[in-house]
Amino acid sequence: MLGAVARKHGIPIAYCNAVAGNDQLVFDGYSLALGKGGGVLAQLPGFAECVAVADFASEAEAAHQPAAREADLFGALVLGVRDYVRKCGFKTVLIGLSGGIDSALTAAVAAEAVCPENVLGVSMPSVYSSEGSKDDARVLAENLGVRYETVPIQRIFEQAKSELGGIFSRRWRRG
């Protein structure tokens, strides 16, 4: 679309896009400089602040390679988390590590967003936790370079079942 406008009017175009996370919005960047013929003279990367100089007197097109979809998604997640943490004034984040893929992805995003030394991974094993999942959580923390703690929750779980047992048994009774 921008290339068509540049060609139609015979003018170069500088398209500057915001790069930031703001609540549920993430602005991706990907600013462009186009020559009057519509060719891309410069393209900035997505999800990162960047500065570039474009020579509008030249029509030499820049070689640019679109990022892989997965890299864009990861970049969006990291940018959103980084800006949220910064804007809220947080210094560290705590991630529950179960050994599963969901907590692994969450921890990887957090480690990239706020640096590994600012992430605490907590394993909370119970009778439902396999040795494999506990080992996976520990290895993940080691691989990411995040701090790691284990807090067994079996007693907490039993206490919650005891306290809530009456509510759950009454819920299924009719009458």
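Which residues of helix α2 are buried?

**View 1. Helix α2 and the elements that its buried residues pack against.** The model shown here is predicted, so local features are described only at pLDDT of at least 70 and side-chain atom pairs only at pLDDT 80 or more, whereas totals for chains, interfaces and linings use all residues. Residues are numbered from 1 along each chain as its sequence is written, and side-chain values use heavy atoms, with hydrogens and water left out. Helix α2 covers residues 69-88 (helices, H or I, of at least four residues and strands, E, of at least two are DSSP runs numbered from the N terminus), and its 20 residues reach 29 Å from the first C-alpha to the last. That span is close to the 28 Å expected at 1.5 Å a residue (1.5 Å times one less than the number of residues). Gly-75, Ala-76, Val-78, Leu-79, Gly-80, Asp-83 and Val-85 are buried in α2 (buried is under 20% relative accessible area, exposed over 50%, partly exposed in between, with a 1.4 Å probe and protein chains only). The buried residues of the helix pack against strands β2 (19-22), β3 (25-28) and β6 (93-96), and also against helix α3. After α2 comes Gly-89, which has a positive phi near 80 degrees.

**View 2. Asp-83 and its salt-bridge partner Arg-86 in helix α2.** Asp-83 counts as buried because its relative accessibility is 7%, whereas Arg-86, at 55%, counts as exposed. Their closest N and O atoms are 3.7 Å apart, and the two residues form a salt bridge (a side-chain nitrogen of Lys or Arg within 4 Å of a carboxyl oxygen of Asp or Glu). Along α2 the two lie three residues apart, about one turn of the helix. When residues up to four places away in sequence are not counted, Asp-83 touches Ala-20 and Gly-21 (contact is heavy atoms within 4.5 Å).

**View 3. Salt bridges in helix α4.** The structure holds five salt bridges, and this view shows some of those in α4, which spans residues 131-144. The side chains of Lys-134 and Glu-131 meet at 2.8 Å, N to O, and the two residues are three apart in the helix, about one turn. Lys-134 is partly exposed because its relative accessible area is 25%, while Glu-131 counts as exposed because its relative accessibility is 52%. Arg-138 and Asp-135 form another salt bridge, at 3.9 Å from N to O, and because they are three residues apart in α4, about one helical turn separates them. Arg-138 counts as partly exposed at 33% relative accessibility, and Asp-135 is likewise partly exposed, at 36%. Asp-135, Arg-138 and Glu-142 are linked in a network of salt bridges.

**View 4. The hairpin of strands β4 and β5.** Strands β4 (residues 32-34) and β5 (residues 40-43) run antiparallel and are joined by three bridges (strands pair if DSSP finds at least two bridges between them). Leu-34 has Val-40 in β5 as its bridge partner. Five residues lie between the strands of this hairpin, in which Gly-38 takes a positive phi near 95 degrees.

**View 5. Positive phi at Phe-47 and Cys-115.** Most residues other than glycine have a negative phi. Phe-47, although not a glycine, has a positive phi of about 60 degrees; it is found in the loop between β5 and α2 and is buried, with a relative accessible area of 15%. Cys-115, also not a glycine, has a positive phi of about 80 degrees. Cys-115 lies in the loop between α3 and β7 and counts as partly exposed because its relative accessibility is 36%.

**View 6. A nonpolar surface patch that includes Leu-105.** Phe-74, Leu-77 and Leu-105 make a nonpolar patch of about 250 Å² on the surface. Patches consist of residues with over 30% relative accessible area and no salt bridge, joined within 9 Å for like charges and within 5 Å for nonpolar side chains (Val, Leu, Ile, Met, Phe, Trp, Tyr); areas come from the Shrake-Rupley method with a 1.4 Å probe, only the protein chains shown counting as cover for residues. Leu-105 is placed in helix α3, residues 101-114, and counts as partly exposed because its relative accessibility is 46%.

**View 7. Met-124 and its contacts.** Met-124 is placed in the loop between β7 (119-123) and α4 (131-144), and it is partly exposed, with a relative accessible area of 44%. Leaving aside neighbours within four places in sequence, Met-124 is in contact with Gly-96, Leu-97, Ser-129, Val-151 and Ile-153. The C-alpha atoms of Met-124 and Ile-153 are 5.7 Å apart in space, although the two are 29 residues apart in sequence.
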